[in-house]
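Subject: Structure for you to look through

Dear colleague,

I am passing on the structure we spoke about, and I would be glad if you read my notes with the model open beside them.

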Amino acid sequence: MSEVEVVRDETLQVLWVAVEEARGEPGTYLSRARIMEQTNIIDLGEFSKVAHYLAGQGLIAEGVRGVADEHFSYKDPASHRRL
């Protein structure tokens, strides 16, 4: 599997787990640690790249720096675009 395929798989896994954790409810705050655990992503930098990409696609809203930095929220499914 190429590096591009690995990143794409990780991105889809993070999105899938985020949707499951949010139970499809837009605006639901999710724990970064919990999502990382469920997707087996142990590198924070790697996870951050995936989260930034998903936020750039309008699929999640990233948390603010500080305490909330460990959280992000799932956005409205109507805003989903093809990855």
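Below is what was found, beginning with the whole chain and ending with one helix.

This is a predicted model, in which local features need pLDDT of at least 70 and side-chain atom pairs count only at pLDDT 80 or more, while totals for chains, interfaces and linings use all residues. Residues are numbered from 1 along each chain as its sequence is written, and side-chain values use heavy atoms, with hydrogens and water left out.

The protein chain holds three helices and three strands, which follow one another from the N terminus in the order α-β-α-α-β-β; helices (H or I, at least four residues) and strands (E, at least two) are DSSP runs, numbered from the N terminus. Of the 83 residues in the protein chain, 29% are buried, where buried means under 20% relative accessible area and exposed means over 50%, with partly exposed in between (1.4 Å probe, protein chains only).

Helix H3 covers residues 44-56, and its 13 residues, at 1.5 Å each, should span 18 Å (the expected span being 1.5 Å times one less than the number of residues), which agrees with the 18 Å between its end C-alpha atoms. Its buried residues are Phe47, Val50, Ala51 and Leu54. Seen down the axis of H3, these buried residues fall within an arc of 100° (taken from the directions from the helix axis to the C-beta atoms), so they line one face of the helix. On the other side of H3, Lys49 and Gly56 are exposed. After H3 comes Gly58, which has a positive phi, near 80°.

Best wishes
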